[in-house]
Amino acid sequence: MALDFAATYKVLVLGDSNVGKTCIVHRYCDERYYDSYISTIGIDFKQKLINLDGVPIKLQIWDTAGQERFRTLTTAYYRGAQGIILMYDVTNLESFNNLSYWLRNIQENAAPDVIKVLAGNKCECNEPQRVVEKEKGEKIAENFDMPFFEVSCKMNVNIEDTFLTLARKIREQREQRGYNVDDNDHGVALANGYSRNSQGSTSGCPC
Ligand SMILES: Nc1nc2c(ncn2[C@@H]2O[C@H](COP(=O)(O)OP(=O)(O)O)[C@@H](O)[C@H]2O)c(=O)[nH]1
Ligand SMILES: [Mg+2]
């Protein structure tokens, strides 16, 4: 069967509960924003076919199903991930301080060369709600060699740039490794024990 995309990149969205992980996935995949709290239980991943500088790529974006609250993300969840969007909430200092926990968790569980992008969400909020200045995000991003964006799922700010930057960095890394653009590794989901329906999404996943 002819394939309409060149490769699949598995991307995880990580960070504390309530920072907006589910919102960023919905915003990017559905172009919608959900104002009320949505339970992520039952959603495994969403997929989006993107045009990466002329090359069609399938992004398989994994959202935690609430396990982050109990700090029970396992190595299995990280398996095969080429990219991670690490999120905090600019209105929640604890979510920023917990980045060190998440970075350690990534180091212990993900592939050593996994690409990371840092996203500070809810950036449309001004003081007094905002408690984490942009410079603090820039600094930690620089220390860990991650591109950094302040984003707003609510106002649709920098969402596309965040995912495209991550995808480009994944592609650059693969090119350096000598992967062909037409290498098809859409076995990522299958390797994780999931099967796809004819739309290419997991059952229960609306996209
Ligand atoms: N003000 C504001 N609220 C947001 C934004 N993105 C998400 N939220 C809210 O933050 C809460 C948590 O979002 P959710 O995506 O469920 O977080 P998760 O637990 O990390 O998946 C929800 O009430 C969202 O409506 C944003 O850009 N600005
Ligand atoms: Mg969620």
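These legends go with a set of close-up views of a predicted model.

**View 1. Here is the whole chain, looked at by confidence.** The mean pLDDT comes out at 83, and 79% of the residues reach 70 or more. Residues 181–207 are the stretch to treat with care, with pLDDT below 50. That stretch still has 42 contacts in the model beyond near neighbours in sequence.

**View 2. The sheet is an open one of 6 strands.** Reading across, the order is β2-β3-β1-β4-β5-β6, and the pairing is mixed. β2 (45–52) and β6 sit at the edges with a single partner strand each, so one side of each has no neighbour in the sheet. From one strand to the next, the twist averages 25 degrees. Two helices to look for here are α4 and α5. α4 packs on the sheet and touches β1, β4 and β5, its direction making about 165 degrees with that of β4. α5 also packs on the sheet, touching β5 and β6, and its direction makes about 160 degrees with that of β6.

**View 3. Zooming in on β2 and β3, we get an antiparallel pair joined by 8 bridges.** Lysine 46 has isoleucine 61 of β3 as its bridge partner. Glutamine 47 is placed opposite glutamine 60, again in β3. The two strands form a hairpin with 2 residues between them, and aspartate 53 in this hairpin takes a positive phi near 50 degrees.

**View 4. The largest nonpolar core takes in 47 residues.** Val11, Val13, Ile24, Ile85 and Met87 are the members that touch the most others. At least two core residues come from each of β1 (7–15), α1 (21–30), β3 (55–63), β4 (83–89), α4 (99–109), β5 (115–121), β6 (148–150) and α6 (159–177). β1 gives the largest share, with 6 residues. As a backdrop, nonpolar side chains in soluble globular proteins tend to be buried together.

**View 5. Valine 13 gets its own close-up, with its contacts shown around it.** Setting aside neighbours within four places in sequence, valine 13 is in contact with Lys21, Ile24, Val25, Ile61, Trp62, Asp63, Ile85 and Met87. Three names on that list, Ile24, Ile85 and Met87, also turn up among the core members that touch the most others.

**View 6. Helix α4 has buried residues and, on the other side, exposed ones.** Leu99, Trp102 and Ile106 are the buried residues. Looking down the helix axis, these buried residues fall within an arc of 60 degrees, so they line one face of α4. The general rule behind such a pattern is that an α-helix has 3.6 residues a turn, so residues three or four places apart point the same way. The cover over the buried residues of α4 includes β1, β4, α3 (93–97), β5 and α5. On the other side of the helix, Ser100, Tyr101, Arg104, Gln107 and Glu108 are exposed.

**View 7. This one is about a cis peptide bond, between glutamate 127 and proline 128.** Omega is about 10 degrees at this bond. Proline 128 belongs to the loop between β5 and α5 (134–143). For context, most peptide bonds are trans.

**View 8. Two asparagines with positive phi share the loop between β6 and α6.** For asparagine 156, phi is near 55 degrees. Asparagine 158 has a phi of about 65 degrees. Most residues other than glycine have a negative phi. Are these two buried or exposed? Asparagine 156 is partly exposed because it has 15 other C-beta atoms within 10 Å, and asparagine 158 is partly exposed too, with 18 C-beta neighbours inside 10 Å.

**View 9. Arginine 171 sits in helix α6 and counts as buried.** Why is arginine 171 called buried? Because it has 21 C-beta neighbours inside 10 Å, and the cut-off for buried is 20 or more. Glutamine 82 is 89 residues from arginine 171 in sequence, yet their C-alpha atoms are 9.7 Å apart.

**View 10. Alanine 76, in helix α2 (residues 75–78), closes the set.** With 10 other C-beta atoms within 10 Å, alanine 76 is exposed. Its C-alpha lies 8.5 Å from that of asparagine 109, which is 33 residues away along the chain.

Definitions and conventions: Residues are numbered from 1 along each chain as its sequence is written. Chains are lettered from A and ligands numbered from 1 in the order in which they are written. This is a predicted model: local features need pLDDT of at least 70, side-chain atom pairs count only at pLDDT 80 or more; totals for chains, interfaces and linings use all residues. A nonpolar core is a set of buried Ala, Val, Leu, Ile, Met, Phe, Trp, Tyr and Cys residues joined through C-beta atoms within 7 Å. A residue is buried if 20 or more other C-beta atoms lie within 10 Å of its own, exposed if 12 or fewer, and partly exposed in between; C-beta atoms are placed from the backbone. Helices (H or I, at least four residues) and strands (E, at least two) are DSSP runs, numbered from the N terminus. Two residues are in contact if their C-beta atoms, placed from the backbone, lie within 7 Å. The arc is that of the directions from the helix axis to the C-beta atoms. Two strands pair if DSSP finds at least two bridges between them. Axes are lines fitted to C-alpha atoms, for helices over the stretch in contact, and angles run from 0 to 180 degrees between N-to-C directions. pLDDT is the predictor's confidence in each residue, from 0 to 100.
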